[in-house]
Amino acid sequence: MKNIEIRKYDKIIAIIFALFTLTFILAMINKDFFSWAWARHHNILSWYIRPLFLIPFCYFAYRRSWAGISATIFLLLSSMFWFPEPGMASEQVNQFLQVEIDYLTAPWGIGKILMTLVVPISLIALGAAFWKRNLFFGISVIVFIALAKILWSVVFGGESGMSILTPAIIGLIICVILIYLGFKRSEKNKKA
């Protein structure tokens, strides 16, 4: 009964978190806020937890919860500043983050727009895969996301782009294993 009551507010909660996400994106235009958040993004703990947000994202897509998907996206974006600014980041991390900041602040052309659209399109594909309960397609999209992030990082960041290799691979392995196990368990429970 409680699940039905919560489902009644699903779209309203989703809209609230979508507004939080939009507010966060608009706040990033403010140079002071951006500098504060970006300094905390140097803490590589945020690099390790960010891929793990694909787990609840897939879970909520499987459960067909717009609120859960929307909340997960907001938490994913805001996680860049959850951890304190590190006392000292490695030179490789600093160089790579400089590459990212240069990319974000460079003029927007058709190539950059198309490349940036890969992020929301891949999340839509991932959500659709688990909404339709297609494990193979979902895992394929997760692997694509990880490989695309690694490829982008190395192509644009060169040697400094290798700094994301360990967090990306560890995140990919954890995501694939937990999503696979969770999916199989959910399917088994549905049949029981």
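Q: Why is the contact between R40 and E85 called a salt bridge?
A: In this predicted model, the closest N and O atoms of R40 and E85 are 4.0 Å apart. A salt bridge requires a side-chain nitrogen of Lys or Arg within 4 Å of a carboxyl oxygen of Asp or Glu, and therefore the pair qualifies. R40 lies in helix α3 (residues 31–41) and E85 in the loop between α6 and α7 (91–105), so the salt bridge ties together parts that are 45 residues apart in sequence.

Q: What makes R40 buried or exposed?
A: The relative accessibility of R40 is 17%. Buried means under 20%, and R40 therefore counts as buried.

Q: Why is E85 called partly exposed?
A: E85 has a relative accessible area of 48%. Partly exposed residues fall between the buried limit of 20% and the exposed limit of 50%, so E85 belongs to this class.

Q: How do you know that E100 and K149 meet in a salt bridge?
A: Their side chains are 2.9 Å apart, N to O. The cut-off is 4 Å, and the pair therefore satisfies the rule. E100 is in helix α7 and K149 in helix α9 (residues 135–157), 49 residues apart, and the pair links these distant parts of the chain. E100 counts as buried at 13% relative accessibility, whereas K149 counts as partly exposed at 33%. By this rule, the count comes to 2 salt bridges.

Q: Why is the pair of F17 and F74 called tilted?
A: The search of the whole structure finds 19 aromatic pairs. For F17 and F74, the ring centres are 6.1 Å apart and the planes stand at 50°. Centres must lie within 6.5 Å, and planes under 30 degrees apart are stacked while those over 60 are edge-to-face; an angle of 50° fits neither class, so the pair is tilted. F17 is in helix α2 (residues 10–27) and F74 in helix α6, 57 residues apart.

Q: What makes the pair of F96 and W152 edge-to-face?
A: The planes of F96 and W152 stand at 80°, with the ring centres 6.3 Å apart. Planes over 60 degrees apart count as edge-to-face, and the pair is therefore given that name. F96 lies in helix α7 and W152 in helix α9, so the pair ties together parts that are 56 residues apart in sequence. F96 counts as buried at 1% relative accessibility, and W152 counts as buried at 16%. Ring pairs link W47, F96, Y103, W152 and F156 into a cluster.

Q: How do you know that the side chains of S78 and W82 make a polar contact?
A: The contact between these side chains is 3.2 Å. The limit for such a pair of N or O atoms is 3.5 Å, so the distance is within the limit. In addition, the backbone oxygen of L75 lies 3.3 Å from a polar atom of the side chain of S78. S78 lies in helix α6 (residues 66–78) and is buried, with a relative accessible area of 4%.

Q: What makes Y180 eligible for a nonpolar patch on the surface?
A: Y180 is partly exposed, with a relative accessible area of 41%. Patch residues need over 30%, so Y180 passes this cut-off. Y180 is found in helix α10 (residues 165–191). The patch is formed by I169, I170, I173, I174, I177, L178, Y180 and L181, with about 690 Å² of accessible area together.

Definitions and conventions: Residues are numbered from 1 along each chain as its sequence is written. This is a predicted model: local features need pLDDT of at least 70, side-chain atom pairs count only at pLDDT 80 or more; totals for chains, interfaces and linings use all residues. Side-chain values use heavy atoms; hydrogens and water are left out. Patches are made of residues with over 30% relative accessible area and no salt bridge: like charges are joined within 9 Å, nonpolar side chains (Val, Leu, Ile, Met, Phe, Trp, Tyr) within 5 Å. Accessible areas come from the Shrake-Rupley method with a 1.4 Å probe; for residues, only the protein chains shown count as cover. Helices (H or I, at least four residues) and strands (E, at least two) are DSSP runs, numbered from the N terminus. Buried means under 20% relative accessible area, exposed over 50%, partly exposed in between (1.4 Å probe, protein chains only). A polar contact is a pair of N or O atoms within 3.5 Å; within protein, one must be able to donate a hydrogen and the other to accept it, and residues adjacent in sequence count only if both atoms are side-chain atoms. Rings of Phe, Tyr and Trp (its six-membered ring) pair if their centres lie within 6.5 Å; planes under 30 degrees apart count as stacked, over 60 as edge-to-face and the rest as tilted.
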